[in-house]
Amino acid sequence: MDRPSPNFHPGLIGSAPQAPAPPKTGVGIIKRRRGTGVYVTWLVAPSTIWLILFLIVPLLSIIVFSFWQINDQNVMVPNFTLVNYAEYFHTEGFFDPSSDKFLTLSSNILTLWTTLRLTMEVMVICLLLAYPIAYFLAMQVKAFKWQLALFLMCMVPFWTSYLIRTVAWVPMLGRRGLVNKFLLWIGIVEKPLGFLLYSEFSLTLALVQLYVVLCIGPIFFSLAKIDNSILEAARDMGAKPYQIFREIILPLSLPGVAIGMIFIWVMIMGEFATAGLVGGGKMALVGNSIIDLMGTGQYPPASSIALMLMLTMMIGVFIILKLVDIRKQL
Amino acid sequence: MKQKSVKSTATTPKNGVSRRKILQTAAQAATVGAIASGFPYRFNIVHGAESFRTIGLGVSVINEIQSKASKDIGHRIRGQALGYGAMFGKMLTQNTQYEVAEGYYNDMDVMWPNKVWQPIDTRRIKHWDQISNLAKTGKLTPGSQYGQGDAPFRQLWLDSNAKVTLNGPTRYVTMVPGWHNADSIGYNPDETGRVIDSWGDLMSDEFKGRVALLNIPQIGMMDATMAVEALGLYKFKDKGNMTRKEIDFVIDYLIKKKKAGHFRALWETFGQSVQLMTSGEVALESMWSPAVTAIRAEGVKCIFASPKEGMRGWHGGLAISAKVSGRKLDAVYEYINWWLDGWAGAFVARQGYYMSTYKRSKNYMSAAEWDFWYEGKPAATDLPDPFGTIIIKKGKIRDGGSYEQRFKKIALWNSVMDENSYLVKRWGEFKNA
């Protein structure tokens with residue numbers, strides 16, 4: 001049987017250059033190439049078909065629907081109209097100085113902005129929390145078994161369902177929740193604090209708790225990959241701890257930071273359920289607007305909003321990748 | 001998704017089922033996936049037996065109902081209970097994937113023009129004459145008042161061109177009227193300290209920070225509009241189909257209230273509304289009637305208000321996919337006739353829902369059940385839910401009085417307005433304020 005060498009993985013994009021040089025005999029070249037070609041085709045076929053069916057086709061249909069229109073009869077009609085996009089940006093009275101909406105951005109853009117702001121806040125908090133934790137795990141904990149054990153402990157919350165992790169905040173932060181009971185008991189407050197639950201505070205808190213592990217993981221792995229001998233060499237050369245951190249550890253851990261940021265970015269920009277459960281539905285995220293429209297069959301405007309969200313997300317990922325060259329640094 | 005359910009997707013919980021129920025309901029709402037029901041009995045292949053699918057909310061699509069129907073009429077019926085959003089989407093876009101749609105009249109403005117359902121011949125409906133006048137004329141009793149919005153009688157009759165017409169009765173209809181109910185405000189009397197008897201109380205400053213509204217734009221808006229009108233702030237021409245100016249007035253008012261910290265939360269699922277009240281977060285909230293039973297089951301006081309302005313009604317029914325024909329169509333008609341026969345009506349009555357052929361349901365209910373659920377009298381004995389668990393203790397009285405009292409004064413029916421997308425957009429602004 002004709003089989004590539006064990007260290008040659010034809011299915012992996014980017015690893016092709018590492019393929020060992022083909023044997024020099026002409027027959028061998030042809031045979032090897034043909035064999036590999038068939039092999040590759042079979043290997044990539046399932047994932048390609050999967051991607052076409054469940055990514056490309058739905059995406060194209062969203063793009064197509066975003067140009068369709070709902071007529072007066074509530075029927076979705078094929079069309080090529082920019083009406084959904086115009087409506088996306090449109091504010092009644094935007095150009096009218098006498099209107100109270102004068103120069104106010106459209107509600108869709110404001111919703112996008114709210115989502116963006118919340119995502120940024122959560123991302124910053126996640127990074128601030130995740131980096132020290134990952135640093136401690138990778139740099140301070142020496143024994144591998146303890147590293148693993150502690151890392152698994154970070155993952156424990158993921159063993160329960162999303163819903164339970166989220167809903168558990170309610171008896172914690174509610175008016176009669178644990179935190180309020182404690183605060184009342186030690187006498188710091190006289191009345192239960194309302195802002196603890198169903199507020200931007202609780203939403204941010206829950207999102208950080210839900211997604212911080214997605215930050216800890218990649219940062220931990222990129223920190224753990226740093227060769228100890230480099231750090232020793234730096235110390236031998238008389239580098240101070242903060243110099244070592246700034247010039248060696250931080251740059252080498254940036255790919256992990258970037259991957260963590262991308263995870264958080266993609267997850268929270270598309271978030272909608274937590275906003276209802278612990279945010280009390282008082283903040284509208286883009287996901288919520290899409291659902292509200294879908295609920296009455298308004299697929300064309302929902303599609304245009306979805307595409308604008310996707311565009312924003314792609315720009316975000318692009319910026320993160322511009323800041324950190326993941327491929328080079330890995 | 002989290003998905004939303006406009007009508008309660010949950011059944012009335014049994015005693016002691018609390019958190020699991022909430023999570024279940026939330027999960028139900030959170031999943032687009034649905035539960036296809038399998039039947040516990042062995043199906044006998046009878047000559048002429050057909051197999052068909054029905055979809056709807058957990059209000060009407062319940063294993064026990066479709067399984068009993070399969071046994072009685074000899075066709076294999078598979079039911080799929082969905083969350084509201086998923087149900088709506090499937091009904092609208094995949095009418096080859098179901099034969100029967102257990103839908104709602106407030107969605108008719110979208111469903112009918114899209115031609116996903118077929119006209120139903122009332123001559124083939126055996127008990128058509130026994131369907132009450134609530135659905136046919138909008139008046140349950142001669143002295144009843146018409147409610148505004150998508151009342152079934154406005155979405156029922158079809159003219160000779162198969163267009164919805166107000167000039168009933170006609171031979172063909174959009175959907176056969178079925179189960180229905182009316183929603184209002186639920187409150188904890190210990191927290192409010194007084195009786196809640198007006199929609200305006202939802203906006204009263206005495207309950208600042210202790211109020212929750214329903215976060216489904218179309219219905220949340222109606223509750224808010226009822227409140228604004230009850231307070232005398234604005235007189236609406238038609239609360240079931242508001243103009244942009246009217247929508248603006250209500251949303252601006254809501255934004256002002258929200259900025260002042262009036263709303264504790266906006267709820268999306270049945271479970272959330274229960275949990276808001278049981279955890280003491282709110283004193284009053286817009287509520288679906290089965291939630292009251294669920295809250296009481298947890299030992300928390302809760303009363304379903306009967307606002308003097310009238311309640312907000314909703315009405316479901318049975319529609320047939322446009323793709324069904326031949327023998328399958330005959331089987332589907334048999335299923336619809338079975339629904340109207342009374343057994344199913346009695347079943348849903350034990351969850352607090354009313355049925356269009358309610359006089360037939362009476363044959364399948366005990367006298368004590370009938371008196372409690374329909375007549376608003378004290379329970380003569382302990383009464384069970386449809387699954388046999390006792391949920392009503394002897395001597396209890398149903399809030400809101402008898403069926404007639406409740407339905408002769410429906411202020412407003414759940415509706416999708418012409419300015420729906422504008423409403424959704426502005427509702428988003430309210431949430432972001």
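This section describes the nonpolar cores, one helix, the unusual backbone geometry and a surface patch of a predicted model.

The largest nonpolar core comprises 170 residues. Within this core, the residues that touch the most other members are A:Leu223, B:Trp117, B:Tyr335, B:Trp339, B:Tyr374 and B:Phe407. The most residues are contributed by helix α8 of chain A (residues 200-224), which supplies 13. A second core, separate from this one, has 35 residues, among them B:Met203, B:Val211, B:Met417 and B:Leu423. In soluble globular proteins, nonpolar side chains tend to be buried together.

The surroundings of B:Trp339 were examined further. With residues up to four places away in sequence left out, B:Trp339 touches B:Ser60, B:Ile65, B:Glu102, B:Trp179 and B:Leu318, as well as B:Ala344, B:Gly345, B:Val348 and B:Met355. B:Trp339 is also one of the buried residues of helix α12 of chain B. The others in α12(B) are B:Leu329, B:Ala331, B:Val332, B:Tyr333, B:Tyr335, B:Ile336, B:Asn337, B:Trp338 and B:Leu340. Helix α12 of chain B covers residues 326-340, and its 15 residues should span 21 Å at 1.5 Å a residue. The C-alpha atoms at its ends are 22 Å apart, in agreement with that expectation. Just after α12(B), B:Gly342 has a positive phi of about 135 degrees.

Most residues other than glycine have a negative phi, and most peptide bonds are trans. Departures from both tendencies occur in the model. The peptide bond between B:Gly168 and B:Pro169 is cis, with omega about -5 degrees. B:Pro169 belongs to the loop of chain B between α6 (152-156) and β8 (172-173). The loop between α6 and β8 of chain B also holds B:Ala162, a residue that is not a glycine yet has a positive phi of about 60 degrees. With a relative accessible area of 32%, B:Ala162 is partly exposed. In chain A, phi of A:Asn74 is positive, near 70 degrees; A:Asn74 is found in the loop between β1 (69-70) and β2 (76-77).

A nonpolar patch on the surface is formed by A:Ile49, A:Trp50, A:Leu51, A:Ile52, A:Leu53, A:Phe54, A:Leu55, A:Ile56, A:Val57, A:Leu60 and A:Ile63. Together these residues have about 1,100 Å² of accessible area. One of them, A:Trp50, lies in helix α1 of chain A (residues 26-65). The relative accessible area of A:Trp50 is 57%, and because exposed residues are those over 50%, A:Trp50 is classed as exposed.

Key
Residues numbered from 1 in each chain as written. Chains lettered and ligands numbered in written order. Predicted model: local features only at pLDDT ≥ 70, side-chain atom pairs only at ≥ 80, totals over all residues. Heavy atoms only, no water. Core = buried A, V, L, I, M, F, W, Y, C linked by side-chain atoms within 4.5 Å. Buried < 20%, exposed > 50% of the residue type's maximum accessible area, 1.4 Å probe, protein only. Helix = DSSP H or I, 4+ residues; strand = E, 2+ residues; numbered from the N terminus. Contact = heavy atoms within 4.5 Å. Expected span 1.5 Å × (residues − 1). Patch = residues over 30% accessible without salt bridge, like charges linked within 9 Å, V, L, I, M, F, W, Y side chains within 5 Å. Areas by Shrake-Rupley, 256 points an atom, 1.4 Å probe, with all protein chains shown as cover. Salt bridge = Lys/Arg side-chain N within 4 Å of Asp/Glu carboxyl O.
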